[in-house]
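Here are some short exercises to work through with the structure on your screen. Try each task yourself before you read its solution.

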Amino acid sequence: MDQSLNDTLLSLTHRMLVSIHEGDLETYSSMCVPQLTCFETDVAPFRIDGIDFHLDLMRSTRENNGFAGLVRFDLLTPSANVYGESAVVTYTRLMTYSIDKKPLFRAFNESRVFVRFDGEWKMVHFHRSQAAV
């Protein structure tokens, strides 16, 4: 795959994750389709349909300081694969928190599916499950 396309998809994914951590609903909304679907095992045991659920969750997280102590996050072994106008980005997201001045790590295996509409990539589906640290 073209390195610049790979870099674009990984940068897009990174920007999306920053918007989630910052509670930036506008940026997140602009990067997703309204019919977004996901499997998020630590949130619900079934498929979640529509972006509104995620926006409400992000709003609540922001209002309740849900990412308090988050020092950084890293994408481990990121990979982007393009299939025509679709792309799948996979990685392990390692989140580092500082709790009582001690590091705490949480890791998630994530897959994000993007489709290019009129030259613009939008996320249509993602899957996130907790990984062992």
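**Exercise 1. Place P34 in the fold, and decide whether P34 is buried or exposed.**

Step 1: P34 sits in strand β1. Strands (E, at least two residues) and helices (H or I, at least four residues) are DSSP runs, numbered from the N terminus.

Step 2: The relative accessibility of P34 is 58%, so P34 counts as exposed. The cut-offs are under 20% relative accessible area for buried and over 50% for exposed, with partly exposed in between (1.4 Å probe, protein chains only).

Step 3: Setting aside neighbours within four places in sequence, P34 is in contact with G50 and I51. Contact means heavy atoms within 4.5 Å.

Step 4: P34 and G50 are 16 residues apart along the chain, and their C-alpha atoms are separated by 5.8 Å.

A note before you go on: this is a predicted model, in which local features need pLDDT of at least 70 and side-chain atom pairs count only at pLDDT 80 or more, while totals for chains, interfaces and linings use all residues. Residues are numbered from 1 along each chain as its sequence is written, and side-chain values use heavy atoms, with hydrogens and water left out.

**Exercise 2. Find out which residues M58 is in contact with.**

Step 1: Look for M58 in helix α3.

Step 2: With a relative accessible area of 7%, M58 is buried.

Step 3: Beyond its neighbours within four places in sequence, M58 is in contact with S19, I20, G23, D24, L25 and Y28.

Step 4: From C-alpha to C-alpha, M58 and D24 are 8.0 Å apart in space, although 34 residues apart in sequence.

**Exercise 3. Describe the surroundings of T13 and T96.**

Step 1: T13 belongs to helix α1 (residues 3-22), and its 0% relative accessibility makes it count as buried.

Step 2: Not counting residues up to four places away in sequence, T13 touches L75, V89, Y91, R112 and F114.

Step 3: T96 belongs to strand β4 (residues 86-99) and, at 12% relative accessibility, counts as buried.

Step 4: With residues up to four places away in sequence again left out, T96 touches G69, L70, V71, R72, L104 and F105.

**Exercise 4. Which element gives the most to the largest nonpolar core?**

Step 1: A nonpolar core is a set of buried Ala, Val, Leu, Ile, Met, Phe, Trp, Tyr and Cys residues joined through side-chain atoms within 4.5 Å. The largest one has 30 residues, and L9, M16, Y28, F114 and M123 have the most contacts inside it.

Step 2: Elements giving two or more residues to this core include α1, α3 (51-63), β3 (70-83) and β5 (102-117).

Step 3: The answer is α1, with seven residues.

Step 4: For an example, take L9, which touches A80, V82, A87, V89, F114 and W121, not counting residues up to four places away in sequence.

**Exercise 5. Summarise the whole protein chain: how many helices and strands are there?**

Step 1: There are three helices and six strands, in the order α-α-β-β-α-β-β-β-β along the sequence.

Step 2: Buried residues account for 40% of the 133 residues.

Step 3: Among contacts between residues at least 6 apart in sequence, 52% join residues at least 24 apart.

Step 4: Along the principal axes, the C-alpha atoms fill a box of roughly 45 × 30 × 25 Å.
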